[in-house]
Amino acid sequence: MTTLMFILGIVVFAVGLLVSIAWHELGHLSTAKMFGIRVPQYMVGFGPTLWSRHKGETEYGVKAIPFGGYIRMIGMFPPGADGRLEARSTSPWRGMIEDARSAAFEELRPGDEKRLFYTRKPWKRVIVMFAGPFMNLILAIALFLTVLMGFGIQQQTTTVSSVSPCVISQSENRDECKQSDPRSPAEAAGMKAGDRIVAFDGVRTDEWGTLSDLIRDSAGRAVPIVVDRDGREVTLQAEIATNLVAKKDSDGLYVEGEYVKAGFLGFSAATGVVKQDFGDSVVWMTDRVGDAVDSLAALPSKVPALWDAAFGDGPREPDSPMGVVGAARVGGEIATLDIPASQQMAMFVMLLAGFNLSLFLFNMLPLLPLDGGHIAGALWESLRRNLARVLRRPDPGPFDVAKLMPVAYVVAGVFVCFTLLVLVADVVNPIRIS
């Protein structure tokens, strides 16, 4: 049964992956057609074609390897300086450029001269190339909001999990009380496990972050605390102690190894699944985007540890880069977890949301062959044309992105090597969630 559920989890993730890729390419397709660019192909996947059908001038299909997708637009690159497409150089670097240029004009038909990608204004080309990643961003936001506002996420609550019998500095690595330790304010006030704090010093709140800040700011004061105990509200009186507690940063997160003197009540907050309102959801998603950007920037620095995890005896770090195979494996593990089905579904949706956010950020890198590289080329063309107009110089014409193809092949080679490294690590030393 466990094996069957594991396979089912992988299948569910694979379907979500295909939908995400198809959604991405739909952004390119719809905007290209909107601007009159001819699109011969719309494909989900790579390799041999499993199914395809022509509708109008476009062939729609699914290929065997579900690790990507593409649309093919005619005229992605302008013709060479001589205006001909058949020019061929013996230089390998020039050959790359001319091969890319020739491929951009495959299936050129009479009347297509005004339907080429490169003939569109730069702002239209930016929209076409940005539309794909933007669709992933929209999908990521929708999926995140579904989990945050529909299912909820695990977080600390205002419910008491346990009461500390004494006051112990959080900088001390011990749990047991000494005779010299003073009694904790929570125990002295009669607080019990299961109590839900609904008001502190006259301020009603159901958020742990707000309650924690109120406690920290009340050192040395006697305050009333209202708790919900078995359905009825009980008011307790507590003398808030001053203690050495973990420092918080500007985002309300604990700073490891740093402590400050602040108010201390003496209880542990229970964790639970809490639905977020729209404002809290936006803040949470903003933080996740920041984390994702930081992780993307840190990728090169993680290669040595990833290599050691794949080919050596090094551990696989929890924040290590993970590929499609690793994510599918996580999907399989989610299906085998002994948790409510609603939480399994929430974890699946969150996994796909994170995948779509990564697709958006990765594709926005200003490097060919990524979408961001074509966007950068269009923006550069717009800049130099406008500059020429201001300086009353001749129009330099379209920027020939094909000239960057040698760099694109190098970038693609680096991506392929990195992908293979992640694949090996995902197989021999995978990240596990359980």
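Which residues make the nonpolar surface patch of about 760 Å²? The close-ups below begin with that patch and come from a predicted model.

**View 1. A nonpolar patch lies on the surface of the predicted model.** Phe46, Ile65, Phe67, Val325, Val416, Leu420, Leu423, Val427 and Val428 make this patch, with an area of about 760 Å². Two elements, strand E2 (58–72) and helix H11 (405–428), each give two or more residues. The biggest share comes from H11, which supplies five residues. If you are looking for Phe67, you will find this residue in strand E2.

**View 2. Transmembrane regions are listed in the UniProt record.** The unreviewed entry gives residues 6–24, 126–153, 345–365 and 407–428 under "transmembrane region". In the model, residues 6–24 are 100% helix and 0% strand, and 27 Å separates the C-alpha atoms at the two ends of that span. For residues 126–153 the make-up is 93% helix and 4% strand, with end C-alpha atoms 36 Å apart.

**View 3. A PDZ domain is annotated at residues 149–231.** This label, "domain: PDZ", comes from the unreviewed UniProt entry. Helix accounts for 20% of the chain over residues 149–231 and strand for 31%. From end to end, the C-alpha atoms of this stretch are 26 Å apart.

**View 4. Arg196 and Asp228 pair up in a salt bridge.** Here the closest N and O atoms are 3.3 Å apart. Arg196 belongs to strand E4 (residues 196–200) and Asp228 to strand E6 (residues 222–229), so their contact ties together parts that are 32 residues apart in sequence. Across the whole structure, the search finds 13 salt bridges.

**View 5. Asp230 has a positive phi value.** Its phi is near 55 degrees, and this residue is not a glycine. To locate Asp230, follow the chain into the loop between E6 and strand E7 (232–239).

**View 6. A cis peptide bond joins Leu368 to Pro369.** Omega for this bond is near 10 degrees. Pro369 sits in the loop that runs between helix H9 (341–363) and helix H10 (371–390).

**View 7. One cavity of 30 Å³ or more turns up in the whole structure.** How much space lies in the largest cavity? The volume comes to about 70 Å³. Its lining is formed by Met76, Pro78, Phe117, Tyr118, Arg125, His374, Ala378, Phe399 and Val401. Sorted by class, the lining holds seven nonpolar residues, one polar residue and one charged residue.

Terms used. Residues are numbered from 1 along each chain as its sequence is written. This is a predicted model: local features need pLDDT of at least 70, side-chain atom pairs count only at pLDDT 80 or more; totals for chains, interfaces and linings use all residues. Side-chain values use heavy atoms; hydrogens and water are left out. UniProt positions are given in the numbering used here, feature names are shortened, and annotations may be inferred rather than shown by experiment. Patches are made of residues with over 30% relative accessible area and no salt bridge: like charges are joined within 9 Å, nonpolar side chains (Val, Leu, Ile, Met, Phe, Trp, Tyr) within 5 Å. Accessible areas come from the Shrake-Rupley method with a 1.4 Å probe; for residues, only the protein chains shown count as cover. A salt bridge is a side-chain nitrogen of Lys or Arg within 4 Å of a carboxyl oxygen of Asp or Glu. On a 1 Å grid over the protein atoms alone, a cavity is a set of points where a 1.4 Å probe fits but cannot get out, and a pocket is an open set with protein on both sides within 12 Å along at least five of seven lines; lining residues have an atom within 4 Å of a point. Grid points are joined across faces, edges and corners, and a volume is the space filled by probe spheres set on the points. Ala, Val, Leu, Ile, Met, Phe, Trp, Tyr, Cys and Pro count as nonpolar, Asp, Glu, Lys and Arg as charged, and the others, Gly among them, as polar.
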